[in-house]
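Work through the exercises below with the sequence and the model side by side, trying each task before reading its solution.

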Amino acid sequence: MCSLEKRGDIFYLTLTGVDEHRLNPALISSIAASLAEVKSKVDRGSVLITKAEGNFFSNGFDFKYAQAAGSPEGAMDRLKHMVEVFKPVAAELISLPMPTIASVTGHAAAAGLMLAICHDYVAMRSDRGVLYMSELDLGLPLPEYFTALIRSKVGSRAARRSLVLQSAKLRAGEALGLGLIDSAHAGTKDTVDAAEQLAETLSKRRWDGKIYADLRKALIPEVCLVFGLTENVLPSRL
């Protein structure tokens, strides 16, 4: 599951436990509830850090949960359900009225990687963990909103090709070189510390959260279209 705490202006959303943090309906619901609480308490200077305990940030959707349906049809129905219920969580992160930072201290695969790149910044541990889109290896299509996120948040053609068309397992150094992450750090503590330092720097700017969210959405119109997010016309102060 996950926990939420607030220290000063920084919210910490933590995926708890030492499992793979597979995104099943229970965990997705827990994350959604935490984000709703964050949104209800937002103020100028608020920043969100999402992190995880153990060796995984998130290893994607919970295939064991899907297979427990007992038939291929039932498993596919459960997988489709997870895709559907995760979409509002991704949309909430995209529209959250504050800067957001993912502290990736372990493997982030498929939907787990999408969870990370829904944040504005990604800091990653360099001595352990990979970024990996497993759909090609598993013979699964990309959900439409995954494709939109990758096209909008992964800048270069080479990075998108490596991630999607080669199913490469990218360590932090490679991911940094391809522009998939913003920084790489020696271990868990350094990665979380870097996220906190960035959060403190951003918090000091005391930006208006609504304006911040509107500007973020204006930069990723394809994502907003897929998620059904509307962009507001920003008032001019000139």
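A residue is called buried when its relative accessible area is under 20%, exposed when it is over 50%, and partly exposed in between, with a 1.4 Å probe and protein chains only. The model is predicted, so that local features need pLDDT of at least 70 and side-chain atom pairs count only at pLDDT 80 or more, while totals for chains, interfaces and linings use all residues. Residues are numbered from 1 along each chain as its sequence is written, and side-chain values use heavy atoms, with hydrogens and water left out.

**Exercise 1.** Determine whether Glu37 and Lys41 are buried, partly exposed or exposed, and describe how their side chains interact.

Solution. Begin with Glu37, which has 35% relative accessibility and therefore counts as partly exposed. Lys41, at 43%, is likewise partly exposed. Next, apply the rule for a salt bridge, which requires a side-chain nitrogen of Lys or Arg within 4 Å of a carboxyl oxygen of Asp or Glu. Lys41 and Glu37 form such a bridge, their closest N and O atoms lying 2.8 Å apart. By this rule the count comes to 13 salt bridges.

**Exercise 2.** Find which residues are linked with Arg7 in a network of salt bridges.

Solution. Start from Arg7, which is partly exposed with a relative accessible area of 42%. Arg7 forms a salt bridge with Glu5, the closest N and O atoms being 3.3 Å apart, and Glu5 is itself partly exposed at 39%. Arg7 also meets the side chain of Glu196 in a salt bridge, at 3.7 Å from N to O. This second pair links distant parts of the chain, since Glu196 lies in helix α9 (residues 188–203) and Arg7 in strand β1 (residues 2–7), 189 residues apart. Here helices (H or I, at least four residues) and strands (E, at least two) are DSSP runs, numbered from the N terminus. Glu196 is buried, with a relative accessible area of 17%. The network thus consists of Glu5, Arg7 and Glu196.

**Exercise 3.** Explain why strand β5 is largely enclosed by the rest of the structure, and identify its pairing with β3 and β7.

Solution. First look at burial: five of the five residues of β5 (residues 100–104) are buried, so the strand is largely enclosed. Thr100, Ala102 and Val104 point one way, whereas Ile101 and Ser103 point the other way. Then turn to pairing, for which DSSP must find at least two bridges between two strands. Strand β3 (residues 47–52) pairs with β5 in the parallel sense over three bridges, with Thr50 as the bridge partner of Ala102. Strand β7 (residues 121–125) runs parallel to β5 and is joined to it by four bridges, and here Ala102 stands opposite Val122.
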